[in-house]
Amino acid sequence: MSGQWVSVNPATRGLTKATVTVGCCDQVQNGVPVCSPPDSVRLFGRCHPTDCDWGSVTGHLHSQDRRRLTAVYNQGFAKRSVRIDSLTNGDLRIRVFTDFVDPHRRDYNLTEIMRHP
């Protein structure tokens, strides 16, 4: 799952690329796995003239299914819950649920398929 990823859809209006880092969780402190480096996600959305960098946030690789990573972006105007699934063909499916703070803005879901460039 770790690495650089790009959308399979070059005309996407959503996410264009992603960087995923999954740390090695071979140490335990107080009964909790410690990952080094910590799991993280960095997403880029379609903007003009260059893509918008959403920044890097801490991710959480699910211990029961090491093929799923979740993260949350709190961008002030919206909270975005991210779920990344490793697909059997080697691609990633990234789902983003956007919950706007403004009650007059409609929340929405976005799904992108990514692959290694």
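**Entry 1: the disulfide**

I began with the cysteines and found that Cys-47 is joined to Cys-52 by a disulfide, with 1.5 Å from S to S. I looked for others, but the count comes to one disulfide. I noted the turn about the S-S bond as -100°, so the link of Cys-47 and Cys-52 is left-handed. Are its two ends buried or exposed? Cys-47 is partly exposed, at 26% relative accessible area. Cys-52 is also partly exposed, at 31%.

**Entry 2: how far to trust the model**

I reminded myself that this is a predicted model. I looked up the confidence next: the protein chain averages a pLDDT of 90, and 88% of the residues score at least 70. Which element has the lowest mean pLDDT? I found strand 4, residues 32-36, at 64. The highest mean, 98, belongs to strand 9, residues 92-100. Where pLDDT is low, the predicted coordinates should not be read in detail. I therefore left the details of strand 4 alone, given its mean of 64.

**Entry 3: the barrel**

I traced the strands and found a closed barrel of eight, in the order 1-2-5-6-7-8-9-10, with antiparallel pairing. I recorded an average turn of 30° between neighbouring strands of this sheet, direction ignored.

I then followed strand 7 to its two neighbours. Strand 6 and strand 7 run antiparallel and are joined by three bridges. Among the pairings I noted, His-60 has Thr-70 in strand 7 as its bridge partner, and Leu-61 has Leu-69. On the other side, seven bridges join strand 7 to strand 8, residues 78-86, and these two also run antiparallel. Here I found Leu-69 again, with Ile-84 in strand 8 as its bridge partner.

I looked at the connection as well. Strand 7 and strand 8 form a hairpin with three residues between them. In that turn, Gly-76 has a positive phi of about 85°.

**Entry 4: the two faces of strand 7**

Which residues make up the covered face of strand 7? I listed Leu-69, Ala-71 and Tyr-73. The uncovered face holds Arg-68, Thr-70, Val-72 and Asn-74. In a regular strand the side chains alternate between the two faces of the sheet.

**Entry 5: aromatic rings**

I searched the whole structure for aromatic pairs and got three. One of them is Trp-54 with Tyr-73, an edge-to-face pair at 5.4 Å centre to centre, with 85° between the planes. What does this pair tie together? Trp-54 lies in strand 6, residues 52-61, and Tyr-73 in strand 7, residues 68-74, so the pair links parts that are 19 residues apart in sequence. I checked the exposure of Trp-54 and Tyr-73, and both are buried.

Next I took Phe-100 and Tyr-108, a tilted pair at 6.0 Å centre to centre, with 40° between the planes. I found Phe-100 buried, at 9% relative accessible area. Tyr-108, at 35%, counts as partly exposed. I also noted that Phe-77, Phe-100 and Tyr-108 form one aromatic cluster.

**Entry 6: charges over rings**

I ended with the arginines beside these rings. The charged end of Arg-80 sits over the ring of Trp-54, 4.6 Å from its centre. Arg-105 lies over the face of Phe-100, at 3.8 Å from the ring centre. I wrote down that Trp-54 thus appears in my notes twice, with Tyr-73 as its aromatic partner and with Arg-80 over its ring. Phe-100 likewise has Tyr-108 as an aromatic partner and Arg-105 over its face.

How values were computed: Residues numbered from 1 in each chain as written. Predicted model: local features only at pLDDT ≥ 70, side-chain atom pairs only at ≥ 80, totals over all residues. Heavy atoms only, no water. pLDDT = per-residue confidence, 0-100. Helix = DSSP H or I, 4+ residues; strand = E, 2+ residues; numbered from the N terminus. Phe/Tyr/Trp six-rings, centres within 6.5 Å; stacked < 30°, edge-to-face > 60°. Buried < 20%, exposed > 50% of the residue type's maximum accessible area, 1.4 Å probe, protein only. Lys NZ or Arg CZ within 6 Å of the ring centre and 35° of its normal. Disulfide = S-S within 2.5 Å. Pairing = 2+ DSSP bridges. Axes fitted to C-alpha atoms, helices over the stretch in contact; angles between N-to-C directions.
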